[in-house]
Amino acid sequence: MSSEFAPWNSAHLSYRAVEQDDETGVLYQLGRDAEAFNNAVPFMPTPQGSNAAKSYKTYLESCLLGVIICVTPSTPAKIESYQPSHPDPGEAVGVLTLTGPGQGREHHGRADIAISILAPHRGKGYGSEAIQWALCWGFSFARLHRIGIGAIEFNKSAKKLYLKLGFAEESVKRDFAWKYGRWWSFWEASMLEDEWRGKYGSTISYASYMPIE
Ligand SMILES: CC(C)(COP(=O)(O)OP(=O)(O)OC[C@H]1O[C@@H](n2cnc3c(N)ncnc32)[C@H](O)[C@@H]1OP(=O)(O)O)[C@@H](O)C(=O)NCCC(=O)NCCS
C-alpha cells in the first residue's frame, strides 16, 4: 500500500461507489464466478443473473463500506485522487465490504471485511492491497476498534493471506456451511486498532491529503 493514504485510493487501486452499470458489469461477473461465489457467498449456488446482481448492488449500498475495487489506469495527481468524481477510476476487478453490527450498535466499533476479486485478476496483489486499505479506512476514518475477517475451511489460501496481513486467529465455527456435498467449518480472525497501528501505523501518512492551512 502507498505510504500516503487517500480515502479512495491506494498504490495501484481506487475504490468507488457501486453504480447502475455494475449490475451488468463486475457484480454480474462475480455472480458467474464459481470460485468467488462458493468461497464468499452463503447462498445456494443457483445460477446468478441480473436480478441477483441488482440485489448485490442493494446490499453493497447498505454496508458501512461497500466499494468496487478498480485498477487505477495511471497514477493520478495527488489532488485529483482525492476527488470522488475522478473521471476514470479504472477497470473494476472486485468488491470489498465492511459490514458493521447494525443500527443502534455502532458504539461497539466493529465491522467485518468481505472481499472478492474476479478470477483473471487474482494473485496479483490486489486483494492484499485492498484489505490493507480497508483496515486503514476503518481505523482511521470510521473509528472502528476491531475488524474481523473469515474464510470457509477449504479456502486455505485466503486464510494464509489473512494471517500474513496480520489478522489474529480467533475461532472456528464447526460444520458451519454445506458446500460440495459435505459440512465445512468457518475460520475467523480479527485485527484490533492497536495491532493495526503497531503493524501499519508508522508507514502511513495523511499529510499530503489534508487541507493546507
Ligand atoms: C482471496 C482473495 C480475495 C485474495 O485476493 P488476491 O488478489 O488473489 O490476493 P493477493 O494477490 O493479494 O495475494 C495472493 C495470495 O493470496 C492467495 N490466494 C488466495 N486465493 C487465491 C486465488 N483464488 N487465486 C490466487 N491467489 C490466491 C495466494 O496464495 C497468494 O499467497 P502468496 O502471496 O503467499 O503467494 C481472492 O483470491 C479472491 O477473491 N478469491 C475468490 C473469492 C474469495 O475466496 N474471497 C474471500 C472469501 S473469505
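**A tour from the ligand to the core**

Begin by selecting the shell around the ligand, which by class has eight nonpolar, eight polar and four charged residues. Bear in mind throughout that this is a predicted model. Of the 20 residues around the ligand, label N39, G123, G127, S128 and S157, since these are the ones that come nearest. Next, colour α2 (34-40), β4 (110-117), α5 (126-140) and α6 (156-164), each of which supplies at least two residues of the shell around the ligand.

Now show the whole protein chain as a cartoon, where the secondary structure comes to seven helices and seven strands. Followed from the N terminus on, the elements run β-α-α-α-β-α-β-β-α-β-α-β-β-α. With contacts drawn between residues at least 6 apart in sequence, 68% of them join residues at least 24 apart.

Turn then to the interior: buried residues make up 29% of the 213 residues in the protein chain. In soluble globular proteins, nonpolar side chains tend to be buried together. Select the largest nonpolar core, which has 42 residues, and pick out I68, I69, L96, I113, A130, A134 and L135 as those with the most contacts inside it. At least two residues of this core come from each of β1 (13-16), α1 (26-31), α3 (50-62), β2 (65-71), β3 (91-99), β4, α5 and β5 (146-152). The largest share, nine residues, comes from α5, a helix that also supplies at least two residues of the shell around the ligand.

Finally, centre the view on I69: which residues is I69 in contact with, leaving aside its neighbours within four places in sequence? They are L13, Y15, V93, G94, V95, L96, Y126 and A130.

How values were computed: Residues are numbered from 1 along each chain as its sequence is written. This is a predicted model: local features need pLDDT of at least 70, side-chain atom pairs count only at pLDDT 80 or more; totals for chains, interfaces and linings use all residues. A residue is near a molecule or strand if its C-beta atom, placed from the backbone, lies within 6 Å of it. Helices (H or I, at least four residues) and strands (E, at least two) are DSSP runs, numbered from the N terminus. Ala, Val, Leu, Ile, Met, Phe, Trp, Tyr, Cys and Pro count as nonpolar, Asp, Glu, Lys and Arg as charged, and the others, Gly among them, as polar. A nonpolar core is a set of buried Ala, Val, Leu, Ile, Met, Phe, Trp, Tyr and Cys residues joined through C-beta atoms within 7 Å. A residue is buried if 20 or more other C-beta atoms lie within 10 Å of its own, exposed if 12 or fewer, and partly exposed in between; C-beta atoms are placed from the backbone. Two residues are in contact if their C-beta atoms, placed from the backbone, lie within 7 Å.
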